[in-house]
Amino acid sequence: MADQQQYFLKWNDYQSNMVSSFKHLRNEKSFTDVTLACEGQTCKAHKMVLSACSPYFKALLEENPSKHPIIILKDVPFSHLQSILEFMYAGEVNISQEQLPAFLKTADRLKVKGLAEAPQTIKKD
């Protein structure tokens with residue numbers, strides 16, 4: 001059997017396209033399969049994104065399989081939840097200096113990757 005030539009195919013802007021697609025899906029609320037609730041308000045999200053970005057959400061969703069669960073987050077300000085979701089979907093978020101310590105504490109409790117483990121790359125604007 002003769003050796004076949006192998007070709008390496010690469011999508012050059014794959015990462016930026018995925019981020020853009022995730023943001024679009026979130027904005028359009030397309031294919032959402034989980035609802036997060038706190039302070040009497042809700043946000044729809046995607047289990048896959050939550051699981052990829054947080055071992056806390058991954059374990060919670062694996063231990064409690066449901067078609068469209070509603071997760072009630074106690075002691076989480078709604079503004080923090082919105083910012084955490086923005087961070088998960090876009091990979092970045094702007095937080096005021098006065099809100100930063102409380103926001104990072106919330107992110108740490110929810111084990112958000114990139115925020116929970118002593119972030120080294122906080123930029124001031």
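In this predicted model, the face of helix α5 turned away from its buried side carries the exposed residues P101 and K105. Helix α5 comprises residues 100-109, of which F103, T106 and A107 are buried. These three cover an arc of only 100 degrees around the axis, which puts them on the same side of α5. The points below set out α5 and then helix α4, which is among the elements covering the buried residues of α5.

**Helix α5: cover and C-terminal end**
- The cover over the buried residues of α5 includes α4, residues 78-90.
- After α5 comes K111, which has a positive phi near 55 degrees.

**Helix α4: burial**
- Ten of the 13 residues of α4 are buried, so this helix is largely enclosed by the rest of the structure.
- The aromatic residues F78, F87 and Y89 are among the buried positions of α4, together with H80 and S83.
- Also buried in α4 are L81, I84, L85, M88 and A90.

**Helix α4: surroundings**
- Helices that help to cover the buried residues of α4 include α1 (14-28), α2 (47-53), α3 (55-63) and α5.
- Strands β1 (34-38) and β2 (41-45) also belong to this cover.

**Helix α4: length and C-terminal end**
- At 1.5 Å a residue, the 13 residues of α4 should span 18 Å, and the end C-alpha atoms are 18 Å apart, which agrees with that expectation.
- Just after α4, G91 adopts a positive phi of about 85 degrees.

Definitions and conventions
Residues are numbered from 1 along each chain as its sequence is written. This is a predicted model: local features need pLDDT of at least 70, side-chain atom pairs count only at pLDDT 80 or more; totals for chains, interfaces and linings use all residues. Side-chain values use heavy atoms; hydrogens and water are left out. Buried means under 20% relative accessible area, exposed over 50%, partly exposed in between (1.4 Å probe, protein chains only). Helices (H or I, at least four residues) and strands (E, at least two) are DSSP runs, numbered from the N terminus. The arc is that of the directions from the helix axis to the C-beta atoms. Contact means heavy atoms within 4.5 Å. The expected span of a helix is 1.5 Å times one less than its number of residues.
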